[in-house]
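Student: Please take a close look at one charged region of this model and then place that region in its wider setting. I would like one connected account, with the cut-offs behind each term.

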Amino acid sequence: MTKHVIRRAIGTVALTAAALAAGLGASLSAFAEGKGIDEPFREGYRKALAGKTVAYVPVALGFDLAQGWLEGLKKELEPLGVKIVVRDPNWNTNAGAQAVTTLINEKPDVMVLHNPDVQTYAKLIQKAEAEGIDVVQINMRSAYPSVVYVGADWIEIGEKATNAVADACKGKSNKIAIVQGALSAAASAYTLKGVENVLAKHPELKVVSSQAADWDAAKAKGITQTVLKQHPDLCGIVGFWDGMDSGTAAAIKEAGLTGKVFLATSGGGEQKGACDQVKNGAFDLDISYDVPTQASNMAAQIKWLLQNKGKHKDAKGSIYTTLIPITKANASVEGTCWKLGKT
Amino acid sequence: MDETLTSAAATPRAELPHAPTLTLGDRLTELRYRWWPDHVLGEILAKRWMETAIPVVVLIAVALVLSSAIPNFLSAASLADTGRQAGEIGFIVLGMALVMIVGGIDLSVGSTFALTNFCALYFMHVLKWPVAGAVVATLGFGALLGAVNGVLIGYFRLRAFLTTLITLIIYRALYDLLTADYATLIAAGFPDSTVWDFVGNGAWLGVPTVVYAYALVAIFGHVFLTRLRPGWHVIAIGGSRRSAYNTGIPVRRTVALCYVAGGVLTSVGGIFFASRLATAGGDIGVGLEITVLTACVLGGISLGGGKGSATKALVGTLIVLLIVNGLTTMSLHGGYNRMVLATILLLAAVIDIRWLKNKDRIVNKVYVSPTYHGMPPAPSTAPDSGTPWALNDKLKNVRVIGLGRIEGPEDVILDRDDNLYAGSRHGDIVRFFPPDYERMEIFAHIGGTPLGMAFDKHDNLYVCIGGMGLYRVTPERQVEKVTDETNRSYASVNDDSRLRLADDLDISDDGRIFFSEATVRYEMHEWATDGLEARGNGRIICYDTRTGKTHTVLRDLKFPNGVCIASDGQSFLFAETWGCTVKRHWFDGPKKGTTELVLDNLPGFPDNINNSSDGNYWMSLVGMRCPALDLAWKMPGFRRRMAKRVPRDEWLFPNINTGCVLKFNERGEVLETLWDLGGENHPMITSMREHRGHLYLGGIMNNRVGQYRIPDADPGFVQYERRWKKAA
């Protein structure tokens with residue numbers, strides 16, 4: 001009888017052990033299978049972007065805005081297999097028009113255009129869209145609206161700048177000067193409207209000079225020198241771009257009037273061109289439209305456009321950038337400005 | 001001497017092989033030089049369109065390089081775009097080319113372009129005028145801007161460079177002022193005109209409108225410069241302002257009008273640009289003058305003036321545009337564009353100046369193409385040789401007519417009234433009166449160098465004038481041109497339709513005039529170089545007085561000279577000076593079209609042939625062969641090296657210092673020869689004429705006419721009396 005009992009005990013133990021082992025094994029594999037859900041949308045995204053071409057035609061390649069945008073686009077798009085093609089008209093309107101015309105023949109998927117003025121590319125953009133190319137306009141737009149515009153609201157910039165100058169001029173001579181960019185460029189013409197809006201509300205302000213410096217620092221300096229000689233009691237200047245207004249600031253410095261003449265300008269917010277200049281007193285206000293944000297906005301729009309090629313018919317939209325006014329108060333704060341080459 | 005080897009009947013090339021006395025080496029040389037066309041290279045280089053050929057080659061090279069580096073560079077759409085841009089700039093280049101050809105320069109084209117572009121935009125966008133009105137107004141404005149330059153440079157004689165530099169600045173300042181006020185207005189106002197749109201952006205059959213307009217203007221410009229008198233005036237003024245003024249060309253007005261035209265052409269470019277891009281930006285036209293200047297110089301329009309064409313402007317425009325567009329498309333940084341263009345301009349200017357200075361020298365060096373010319377050793381003329389060639393002194397004591405009073409009587413002739421006529425190097429036909437031929441007068445003045453003469457049955461005196469053609473003088477002393485051109489042969493690169501050296505003639509019974517043209521590759525004054533070449537560049541031409549038509553009868557002859565209708569009236573004898581032969585060609589009858597050799601291996605160079613009273617022929621040998629030249633004629637490589645390395649006046653020339661007169665018959669037998677030993681009276685003789693028992697001698701380097709009494713000659717023989725009585 002004892003043998004039988006022992007045999008039954010061993011069998012039970014063995015069976016239990018086997019059952020335990022099986023159960024353990026089963027439960028182990030059950031941890032690794034069937035609990036996650038597959039994401040079906042990423043394949044389509046990757047396929048839509050790989051191998052596409054984005055053409056980029058800035059007004060010129062050799063300055064901070066254009067290079068910052070290019071860096072941002074590359075960072076976002078190149079890892080996904082998008083090819084970025086660049087053309088450099090080097091400030092020449094005609095060369096830019098020619099480059100765009102040639103590009104239309106090459107049929108990229110998206111064109112990123114920086115318009116030198118509101119008219120030159122208008123017909124070309126129409127033609128491009130007729131050929132099925134999506135046109136993203138960056139910062140300076142054309143009179144013809146394409147599918148998307150990413151950039152600053154120039155009228156807002158003009159109003160902000162002029163309000164600051166008006167405040168600074170309280171109790172002073174109330175004479176101000178305007179240093180424009182290229183007369184028919186969006187960044188200039190629209191900003192001027194914003195300036196005029198505020199001037200209408202401040203009839204005491206007198207504009208003693210409003211000339212175009214064509215985005216050229218040397219010209220801006222020359223204009224400002226003359227104005228300061230004629231009106232040494234000038235209380236404020238509204239400049240339309242910090243890249244060119246380094247010349248305006250130099251003229252003010254040479255006349256020994258830094259701090260006495262309030263210079264309000266706007267720009268991409270690059271460390272050397274914006275924050276450093278405000279820190280050392282060259283600019284009193286630099287309204288930044290933050291190039292890296294604009295670049296990432298553009299990249300996002302492009303990603304959406306590439307996934308929806310041909311499906312967005314007459315849709316049009318504008319993405320106006322949130323402005324960052326840079327003054328002495330926040331010029332030294334880390335993160336107000338971005339650094340070229342380190343985005 | 002009596003080899004009757006005939007050529008194929010139909011071909012007009014008289015190619016008869018000489019007696020086979022050639023070594024193998026000589027034969028190989030002869031074959032190589034017969035079949036390889038050395039002369040074509042020099043003739044091609046001498047063509048006027050060669051100057052445009054180099055820029056065209058550059059254009060093709062640039063197009064090939066760029067189309068291999070850039071995909072789709074030469075696709076239809078891309079070409080259409082390039083064409084559009086080329087058209088706009090092309091108009092400005094045409095204007096600049098015109099100004100450069102007249103000897104000036106216009107640096108203000110960039111500013112004028114900007115101003116006229118603004119003007120067109122102002123009229124269309126702001127004032128909203130109709131297209132026609134805006135276009136006309138803009139053209140007028142462009143003319144006005146050009147007129148400022150024109151008046152200052154044409155009438156006030158200011159320096160073009162400085163003046164246009166100043167107008168460049170003034171016009172640009174004007175443009176800046178105007179755009180400051182109106183740029184935003186222009187930007188805001190889009191004109192609602194499909195016509196205006198079509199001007200700048202339209203295309204017909206895939207070709208943009210501006211290209212059609214440019215083609216029209218360019219073709220007119222080409223015709224203007226090459227075929228119309230005002231265009232010739234422009235080129236003349238550019239070549240030499242002072243000389244043009246001296247010839248009565250209205251220099252000041254023409255120069256001023258050229259600048260006005262330049263302004264108008266620039267404004268045309270501005271109109272097309274305004275329609276295409278509608279922009280009045282600050283940088284329009286800045287630096288455009290450099291691009292336009294580069295295009296002009298690259299195309300080959302000379303910076304010094306006086307040289308240029310519409311084709312060159314077009315080629316230059318295309319080269320510059322292709323390079324600029326190619327560089328932009330290759331994503332090159334914008335600054336490199338200007339650097340490349342400036343370097344090309346520098347290179348082009350250097351090459352242009354170098355080529356112009358050396359072109360004539362290079363062409364001259366390459367042009368002379370000697371070929372193989374082998375002959376058997378010359379027969380001996382030794383006094384004791386016993387042959388008819390034996391030297392004698394029969395011409396020593398001839399009577400001299402007109403000594404020192406006539407210069408260069410190449411041919412002498414007498415009419416039925418015994419008057420003696422001779423040509424002179426002044427271009428006159430001089431007449432001496434019988435019986436003693438002391439009194440002389442100028443019968444007619446024609447010009448050129450009068451050579452062979454003949455009378456027709458109406459007593460019109462036909463004269464071959466070297467350098468001009470075939471002329472005739474009527475008995476009333478009226479000078480008339482008979483013909484100076486013949487049919488152009490397609491095998492010749494040189495234009496051989498015009499006559500360079502009409503030499504001698506004779507008239508057939510039915511009024512056909514057969515005359516020789518000594519060479520088609522050299523002018524009258526270069527006849528000796530043809531001797532160096534020995535290439536067979538001459539031909540016999542026929543002018544038919546019944547129909548007035550001229551055509552070439554025989555080609556590829558070695559300096560054909562004397563021509564004489566033979567006794568049967570169906571053939572003529574002709575001499576080949578460098579070939580040292582006399583041949584006979586039938587133009588009528590059963591043997592029509594065949595050529596036979598009559599005299600071969602003459603010891604000298606035969607010149608004119610005329611009838612003698614006893615049914616034979618007189619012929620002169622203008623010079624004697626010498627061993628040096630005979631050997632050199634078998635060595636074409638030696639002669640070519642000599643032509644390239646040695647100055648012209650030290651080359652080997654055929655000797656024409658001593659000669660003789662010979663009488664021969666149609667069977668090729670030389671009957672007698674007449675010499676002047678010591679060369680006292682008549683060392684060189686080009687022509688002789690028998691008349692009433694005397695032989696009258698003429699020589700192109702002589703200052704006299706000789707009269708030799710022929711013993712036992714027919715005292716009543718008058719050549720033309722017998723001739724035309726027989727024919728009548």
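Which element supplies the largest share of the positive patch, and how many residues does that share hold?

Tutor: This is a predicted model, in which local features need pLDDT of at least 70 and side-chain atom pairs count at pLDDT 80 or more, while totals for chains, interfaces and linings use all residues. Residues are numbered from 1 along each chain as its sequence is written, chains are lettered from A and ligands numbered from 1 in written order, and side-chain values use heavy atoms, leaving out hydrogens and water.

The largest share comes from α18(B), which gives three residues to the positive patch. On the surface, the patch brings together Arg361(B), Lys365(B), Arg641(B), Lys644(B) and Arg645(B); Lys and Arg count as positive and Asp and Glu as negative, without His or chain ends, and the place of a charge is NZ of Lys, CZ of Arg, CG of Asp or CD of Glu. Patch residues have over 30% relative accessible area and no salt bridge, with like charges joined within 9 Å and nonpolar side chains (Val, Leu, Ile, Met, Phe, Trp, Tyr) within 5 Å. At least two patch residues come from each of two helices of chain B, α15 (334-367) and α18 (636-645), where helices (H or I, at least four residues) and strands (E, at least two) are DSSP runs numbered from the N terminus. Within α18 of chain B sits Arg641(B), which is partly exposed because its relative accessibility is 45%; buried means under 20%, exposed over 50% and partly exposed in between, with a 1.4 Å probe and protein chains only.

A nonpolar patch is also found on the surface of chain B, made by Phe161(B), Leu162(B), Leu165(B), Ile166(B) and Ile170(B) and covering about 470 Å² (Shrake-Rupley areas with a 1.4 Å probe; for residues, only the protein chains shown count as cover). Leu162(B) belongs to helix α7, residues 160-188 of chain B, and is exposed because its relative accessible area is 51%.

As for the chain that carries both patches, chain B has 19 helices and 26 strands, and 57% of its 728 residues are buried. Its accessible surface is about 30600 Å², with 61% of that belonging to carbon and sulfur atoms. Of the contacts in chain B (heavy atoms within 4.5 Å) with a separation of 6 or more, 63% join residues 24 or more positions apart.

Salt bridges, each a side-chain nitrogen of Lys or Arg within 4 Å of a carboxyl oxygen of Asp or Glu, number 51 over all chains. One network of them links Arg32(B), Asp38(B), Glu43(B), Arg521(B), Glu533(B), Arg535(B) and Arg640(B). In another pair, Asp418(B) and Arg692(B) meet at 3.0 Å, N to O. Because Asp418(B) lies in the loop between β4 and β5 and Arg692(B) in the loop between β24 (687-691) and β25 of chain B, this bridge ties together parts 274 residues apart in sequence. Arg692(B) is partly exposed, since its relative accessible area is 34%, and Asp418(B) has a phi near 70 degrees, a positive value in a residue other than glycine. Most residues other than glycine have a negative phi, and most peptide bonds are trans.

Asp459(B) and Arg416(B) also form a salt bridge, with their closest N and O atoms 3.4 Å apart. This pair links distant parts of the chain, 43 residues apart, with Asp459(B) in the loop between β8 (449-455) and β9 (461-466) and Arg416(B) in the loop between β4 and β5 of chain B. Both residues are partly exposed, Asp459(B) because its relative accessibility is 33% and Arg416(B) because its relative accessible area is 25%.

A buried residue completes this view of chain B: Asn702(B), in the loop between β25 (694-698) and β26 (705-709), is buried because its relative accessibility is 8%. Beyond its neighbours within four places in sequence, Asn702(B) is in contact with Ile406(B), Glu407(B), Gly408(B), Pro409(B), His682(B) and Met684(B).
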